[in-house]
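Work through the exercises below with the structure open. Try each task before reading its solution.

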Amino acid sequence: MTRFLIKRVGQAVIVLFLVSIIVFVLLHLLPGGPARAILGPTATPDSIAHFNHQQGYDRSLPVQYVQYLGRLLTGDLGESYKLNQSVTSLIGERLPKTLVLTGLAIVLAAILAIPLGIIQAVRRGKAADYVLTGAAFLAYATPVFFLGLILILVFSQQLQIFPAEAPQADTIGGILSELPALVLPVVTMALGIIAAFSRYMRSAVLDNLSEEYVRTARAKGQSEARIMARHVLRNALIPLATLLGLYLPTLISGALVVESMFNYPGMGLLFWNSAQGSDFPVLLGVTLVVGVATVIGSLITDIAYAVLDPRIRSVS
Amino acid sequence: MTAAAVEATQPEAAVATPSLARRTLSVFARNKLALLGAVLLVGLIAFCFLGPLIHHTDQVHTDLSQANLAPGSAGHPLGTTDLGYDMLGRLMYGGQTSLEVGLAAGLLATLFGTVYGAVAGYFGGWVDAAMMRITDAALAIPALFLLVVVAAIITPSKPVLILIIASVAWLSPARLIRGEALALRSRDYIHAMRLMGGGGSRAVFQHIVPNAIGTVIVNATFQIADAILYVAYLSFLGLSIPPPAADWGSMLSSGITYTQVGYWWLIFPPGIAIVLVVAAFNFIGDGLRDAFDVRLQKN
């Protein structure tokens with residue numbers, strides 16, 4: 001186990017290191033460098049040279065990278081061009097809100113996807129299975145923003161049940177107190193997850209139903225409901241947690257689209273606004289944070305899986 | 001090395017090709033969903049590229065006197081947009097962009113990813129480790145974020161957009177083909193080729209890639225579906241080719257302003273078009289995967 005841990009953590013550190021290089025390279029891909037982006041298209045060569053010197057952009061790339069890495073390690077992601085605030089504090093403000101939105105969507109998705117998957121597995125090859133499978137296929141092919149627009153048209157414009165704009169409160173408590181405004185963004189995010197998770201649950205339950213311990217349980221005369229709850233579900237739910245880890249990049253991308261659609265004040269909206277306003281320190285800061293989060297997420301998932309399932313760690 | 005010897009080292013690729021293609025095709029044709037996908041795709045391509053020959057519209061000049069007409073208006077079966085473009089014509093015109101960029105980016109990504117993965121897998125060792133850690137790192141950053149950053153740096157034209165999307169989309173085929181290459185490199189015919197003095201590039205292009213062709217083709221189909229979605233996402237976020245150019249994603253994005261007044265015809269046609277084309281490619285990909293699997297079992 002220790003060897004597995006060391007190897008897996010070492011791999012993650014190397015990948016994190018490479019992620020920082022990718023973001024650093026992107027920073028230097030900016031047309032005319034960062035100076036042009038900050039000072040605007042009318043900047044004179046003199047002012048650009050002065051800016052580059054002031055910011056240390058005239059030194060060699062390896063030196064700049066070491067400086068960049070040093071700043072990263074102290075939590076310094078630079079200053080926003082537009083918002084007069086450090087990137088770190090901006091992300092600190094917005095990240096928790098994104099976590100609330102994503103967390104609610106995951107909870108909703110799990111509550112719906114687990115029973116849906118079980119229904120499909122139990123009613124395999126029957127009408128319910130076909131209908132739900134078809135729906136999942138459709139959900140896969142539907143872009144998040146189209147889904148969101150349909151929900152806005154139906155529930156906000158036609159039926160006028162839920163507002164089309166997400167809560168605008170500053171605090172998490174304020175956001176949670178405007179529950180009706182949270183419904184459409186959360187449901188939009190959840191539907192794609194439901195499609196993926198219910199497909200997974202269907203095959204996991206089917207796999208487990210054909211295991212010998214299920215036959216043993218049946219032979220002992222246990223009821224089907226009890227077998228499902230005590231044996232099948234327990235075994236099917238563990239890998240669902242790892243699926244969540246693999247799904248992290250999709251979830252974060254979903255948050256980007258949903259937040260910019262519903263004007264939800266999280267990290268995705270911050271990122272989108274920065275893209276519109278060419279606010280590159282924020283763009284690259286968020287990109288870095290998202291990359292780091294994905295690497296750490298998949299590391300935790302792998303370790304959790306190895307703890308729960310001894311077969312994994314002996315193979316790797 | 002004589003020509004006959006070369007022939008003998010690659011019997012699978014040289015001899016079996018015609019019947020293999022036919023067998024693959026016949027299995028594919030028996031798959032109803034795959035056929036549906038193919039029919040949908042042909043229909044959509046005909047609609048976008050041949051449709052404008054029948055339904056003539058002006059998609060460059062705005063006409064505000066004709067803005068936001070409901071479907072069924074004279075000469076505008078699907079209504080008009082907020083700038084007075086005919087919706088049906090714009091759906092064809094926008095579809096051309098979505099399909100062209102999606103196809104080109106998906107194919108380019110598959111091509112590059114295949115070569116990259118085959119090289120990494122064939123050479124193995126530290127070359128493989130270094131090449132794969134790079135893809136790991138790039139995959140750690142969600143594709144949409146990378147796309148948005150690059151599109152914010154460069155305002156895309158059609159060719160640039162293709163390059164941007166391909167530059168992100170090659171990662172997953174690279175990983176997939178690398179796995180195939182790792183398995184293929186220990187085959188006897190590769191050893192034989194090496195004994196006869198064949199080098200790395202010969203191994204990669206003459207042996208690894210042709211023998212992984214099933215995986216490559218299936219993956220290309222899914223890559224195209226993904227690339228079409230990426231185009232749509234970027235356009236929806238307002239970071240694609242600037243107007244008056246249009247694609248299905250940017251059409252949806254301009255429709256969002258009018259949801260509160262209920263102009264549904266700005267939303268549904270482009271949205272449904274995206275769903276149909278992505279589903280079509282996915283159905284075709286699933287069908288091809290089954291078809292190629294049969295081939296592998298029979299060999």
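**Exercise 1: the layout of chain A**

The centres of domain 1 and domain 2 of chain A, taken over C-alpha atoms, are 39 Å apart. This is a predicted model.

Task: State which residues the two domains of chain A cover, then describe the chain's fold content and dimensions.

Solution.
- Step 1. The domain assignment places domain 1 at 31-76 and domain 2 at 88-315 of chain A.
- Step 2. Count the secondary structure: chain A has 15 helices and zero strands.
- Step 3. Take the principal axes. The C-alpha atoms of chain A fill a box of roughly 85 × 60 × 35 Å.
- Step 4. Check the packing. Of the 316 residues in chain A, 36% are buried. Among contacts in chain A with a separation of 6 or more, 67% join residues 24 or more positions apart.

**Exercise 2: an annotated span**

Task: Find which residues of chain A UniProt lists as "domain: ABC transmembrane type-1", and give the helix content of that span.

Solution.
- Step 1. The unreviewed UniProt entry lists residues 95-301 of chain A under that name.
- Step 2. Residues 95-301 of chain A are 84% helix and 0% strand.
- Step 3. The end C-alpha atoms of this span lie 21 Å apart.

**Exercise 3: the contact between the chains**

Task: Work out how many residues each chain gives to the contact, and what classes make up the side of chain A.

Solution.
- Step 1. Chain A gives 38 residues and chain B gives 34 residues.
- Step 2. Locate them on chain A. The elements that give two or more residues are helix 1 (2-29), helix 6 (127-141), helix 7 (144-158), helix 12 (248-262), helix 13 (267-276) and helix 14 (280-308).
- Step 3. Sort by class. The side of chain A that touches chain B has 29 nonpolar, nine polar and no charged residues.

**Exercise 4: one residue of chain B**

Task: Is B:Val168 buried or exposed?

Solution.
- Step 1. Place B:Val168 in helix 9 (residues 158-169) of chain B.
- Step 2. B:Val168 has 23 C-beta neighbours inside 10 Å, so this residue counts as buried.
- Step 3. List the partners. Beyond four places in sequence, B:Val168 touches B:Ala143, B:Leu146 and B:Leu147.
- Step 4. Take one pair. B:Val168 and B:Leu146 are 22 residues apart in sequence and 7.3 Å apart in space, C-alpha to C-alpha.

**Exercise 5: confidence**

Task: Identify where in chain B the pLDDT is below 50.

Solution.
- Step 1. Start with the average: chain B has a pLDDT of 79, and 90% of the residues score at least 70.
- Step 2. Residues 1-16 of chain B fall below 50, with twelve contacts beyond near neighbours in sequence.
- Step 3. Residues 294-299 of chain B also stay under 50, with five contacts beyond four places in sequence.
- Step 4. Where pLDDT is low, predicted coordinates should not be read in detail.
- Step 5. Add the model scores: ipTM 0.84 and pTM 0.82.

Definitions and conventions. Residues are numbered from 1 along each chain as its sequence is written. Chains are lettered from A and ligands numbered from 1 in the order in which they are written. This is a predicted model: local features need pLDDT of at least 70, side-chain atom pairs count only at pLDDT 80 or more; totals for chains, interfaces and linings use all residues. Two residues are in contact if their C-beta atoms, placed from the backbone, lie within 7 Å. Helices (H or I, at least four residues) and strands (E, at least two) are DSSP runs, numbered from the N terminus. Ala, Val, Leu, Ile, Met, Phe, Trp, Tyr, Cys and Pro count as nonpolar, Asp, Glu, Lys and Arg as charged, and the others, Gly among them, as polar. A residue is buried if 20 or more other C-beta atoms lie within 10 Å of its own, exposed if 12 or fewer, and partly exposed in between; C-beta atoms are placed from the backbone. UniProt positions are given in the numbering used here, feature names are shortened, and annotations may be inferred rather than shown by experiment. Domain bounds come from an automatic or database domain assignment. pLDDT is the predictor's confidence in each residue, from 0 to 100.
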